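Dear colleague,

I am passing on the structure we spoke about, with the sequence and coordinates placed directly below. My notes on it follow, and I would be glad if you read them with the model open.

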Amino acid sequence: MLTKAPRGTKDILPKSVGKWQYMEEKIRAICALYGYEEIRTPVFEHTELFSRAIGENTDVVDKEMYTFTDRGGRSVTLRPENTASAMRAYIENKLFADTPLTKLFYIGSMFRYDRPQAGRLREFHQFGVEAVGEKSAALDAETILLAANFLKSVGLKDLTVNINSVGCPKCRAEYRQKLQEFFKDKLQFLCEDCKNRFERAPMRILDCKKDSGQEFMKDAPKITDCLCDECREHFAETKKYLTAANLSYGVDSRLVRGLDYYTKTAFEIKYEPLGAQSAVAGGGRYDGLIKELGGDDTPAVGFAVGLERVLLAMEKQGVEIPEKNGADIFIVNLEEPEAAFNLMQQLRARGQRTLMDYGGKSLKSQMKRADKLGVKLAVILGADEVKNGVVTVKNMADGSQRQVAMGEFTEEFSE
């Protein structure tokens, strides 16, 4: 029986890799523009890291993590998100000693056990940023702008930016009480998960995929009505900076995000035609996370972008990604394999992307392959060419041919 890729995973084949490389180039370009440096963290971590950071009452920790016991008897988990890992690395490696503001970005695989569907796989890829060490609302606004500008840079349009404030522990104590008062006579209409959340984490009810569409949800208390003075002022400042940058956005008072570590600013960027998977980016501020993980009390803000969803949105919008051909030159080998092989190595040494035929196929067959590869030049090398020390060069764009001395050819195309 043929072994297949596990359900919820997907091979990225050579013909698709160019799309991913295109996005990665855009990511690295915009992160350089904003002063972010790349970090690469382990694919798995101690389970405790995620349960402490994300929150034990969240769907991610309760239902979706890939957790197992290793041969040493330790509980480890494939990373379901990368903020916790990046903050662990920040503390462990004392990155705070280098600069008062540390800006990090990452690109990598994340893992969550969920029902696979378009835009939601069990192994999925994220690009994210983390800015650590600054509490200014200007950094919140800059982070949101970075996410929006990245999505624009890959050609996406018609995006919706929504923001909210989820307050701080002081605000949420009052908000928790108001939510429990609101939901206590509606428990019979909630799913089993939300009934359990009622006592432990009532804010999670607002984030429930099953109950979010209930009619009474629109009348739920708004956290923005419970903000303390500091959180209210921070939210107002964030909006001022976004307005100054001419970014169109809306305020969604039900936007709470699915992870417990968020404080103050929360945001999402959506492409609505994707339906249930319309959120292509999301993030916010998490000022208490580093302290929760054992570090000093340090402010931080960041986001993550789901790259599979970005590709889906690009496909729906008909965004064309520039294609890269695999080579510049194809050597048509007419029973002169050693000479063709030697010429190919000379050209490669001079920086030319060069391929050749290894199987002794006909001239017609080799020319067809050169055309399919999209090369600029086909270099024909047969017995007559070898005898006379020349190559026949065919321009694949206009079909013109000429003969060039072997040495002159390699010199000409190294320039």
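Setting aside neighbours within four places in sequence, Leu 206 has contacts with Tyr 175, Leu 179, Phe 183, Ser 212, Met 217, Ala 220, Arg 254 and Val 256. Please bear in mind that this is a predicted model. Leu 206 also belongs to the largest nonpolar core, a set of 53 residues in which Leu 206, Met 87 and Phe 183 touch the most other members. Helix H4, covering residues 83–92, supplies the largest share of this core, namely six residues. Apart from it there is a second, separate core of 43 residues, and among its members are Ala 131, Ile 269, Leu 274 and Phe 303.

As to the chain as a whole, it holds 14 helices and 16 strands, and 49% of its 415 residues count as buried. Of the contacts with a separation of 6 or more, 69% are between residues that lie 24 or more positions apart.

The radius of gyration is 28 Å, whereas a compact globule of 415 residues would have one near 22 Å; along the principal axes, the C-alpha atoms fill a box of roughly 90 × 55 × 45 Å.

Turning to the surface and the charges, the accessible surface of the chain amounts to about 21400 Å², and carbon and sulfur atoms account for 48% of it. The chain carries 61 positive and 62 negative charges, and the mean positions of these two sets are 4 Å apart.

With best wishes

Definitions and conventions:
Residues are numbered from 1 along each chain as its sequence is written. This is a predicted model: local features need pLDDT of at least 70, side-chain atom pairs count only at pLDDT 80 or more; totals for chains, interfaces and linings use all residues. Side-chain values use heavy atoms; hydrogens and water are left out. Helices (H or I, at least four residues) and strands (E, at least two) are DSSP runs, numbered from the N terminus. The radius of gyration is taken over C-alpha atoms; the globule rule is 2.2 Å times the number of residues to the power 0.38. Buried means under 20% relative accessible area, exposed over 50%, partly exposed in between (1.4 Å probe, protein chains only). Contact means heavy atoms within 4.5 Å. Accessible areas come from the Shrake-Rupley method with a 1.4 Å probe; for residues, only the protein chains shown count as cover. Lys and Arg count as positive and Asp and Glu as negative; His and the chain ends are not counted. The place of a charge is taken as NZ of Lys, CZ of Arg, CG of Asp or CD of Glu. A nonpolar core is a set of buried Ala, Val, Leu, Ile, Met, Phe, Trp, Tyr and Cys residues joined through side-chain atoms within 4.5 Å.
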